[in-house]
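Trainee: I am new to this structure. Could we go through it by question and answer?

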Amino acid sequence: MLPDMRIDGSPARQILKLLQQQGPLSIKEIEAALGVTTTAVRQQLVTLMTTGMVTAKTVREKRGRPHAVYRLADKGQELFAHGYEELGLALLEEV
């Protein structure tokens, strides 16, 4: 795990949270959502990919150059709570 992952406001954590909430995003989309530079986003993504938190996939559009789209890997997904469906069903059964 990344040392700065414990800090909720860290840039890496912000990117992970954004990918968890919105799904796969390009660097430009992450940059716009967080209001930071492309270089800052790239630096964080390199670290997140090295640790296995994020994966990249090359997307080819009809026009223009191919670009990468980033998404949470299974390891990154583990940082977030899940299992709400089971909790919801258990609560409904109790009511």
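Trainee: How many helices and strands are there in the chain?

Mentor: This is a predicted model, in which local features need pLDDT of at least 70 and side-chain atom pairs count only at pLDDT 80 or more, while totals for chains, interfaces and linings use all residues. Residues are numbered from 1 along each chain as its sequence is written, and side-chain values use heavy atoms, with hydrogens and water left out. Helices (H or I, at least four residues) and strands (E, at least two) are DSSP runs, numbered from the N terminus. From that end the elements run α-β-α-α-β-β-α-α. The count is five helices and three strands.

Trainee: What is the order of the strands in the open sheet?

Mentor: Two strands pair if DSSP finds at least two bridges between them. S1 and S3 are joined by two bridges and run antiparallel. The edge strands, each pairing on one side only, are S1 (25-26) and S2 (54-59). The order of the three strands is S1-S3-S2.

Trainee: Which residue in S3 stands opposite leucine 25?

Mentor: Strands of a sheet pair through backbone hydrogen bonds, either parallel or antiparallel. Here S1 and S3 are antiparallel. Opposite leucine 25 in S3 stands tyrosine 70.

Trainee: Which element gives the most to the largest nonpolar core?

Mentor: A nonpolar core is a set of buried Ala, Val, Leu, Ile, Met, Phe, Trp, Tyr and Cys residues joined through side-chain atoms within 4.5 Å. Buried means under 20% relative accessible area, exposed over 50%, and partly exposed in between (1.4 Å probe, protein chains only). The largest core has 16 residues, and those touching the most other members are Ile15, Leu16, Leu19, Ile30, Leu45, Leu48 and Val54. Helices H1 (11-22), H2 (27-34) and H3 (38-50) and strand S3 (67-72) each supply at least two residues, and the most, five residues, come from H1.

Trainee: Which residues is leucine 45 in contact with, leaving aside its neighbours within four places in sequence?

Mentor: Contact means heavy atoms within 4.5 Å. Leucine 45 is one of the core residues that touch the most other members. With those neighbours left aside, its contacts are Ile15, Ile27, Ile30, Val54 and Tyr70.

Trainee: Why does leucine 87 count as partly exposed?

Mentor: Leucine 87 is found in helix H5 (residues 84-94). Partly exposed is the range between the buried and exposed limits. Leucine 87 counts as partly exposed because its relative accessibility is 48%.

Trainee: What share of the 95 residues in the chain do buried residues make up?

Mentor: The limit for buried is under 20% relative accessible area. By that limit, the buried share of the 95 residues is 28%.
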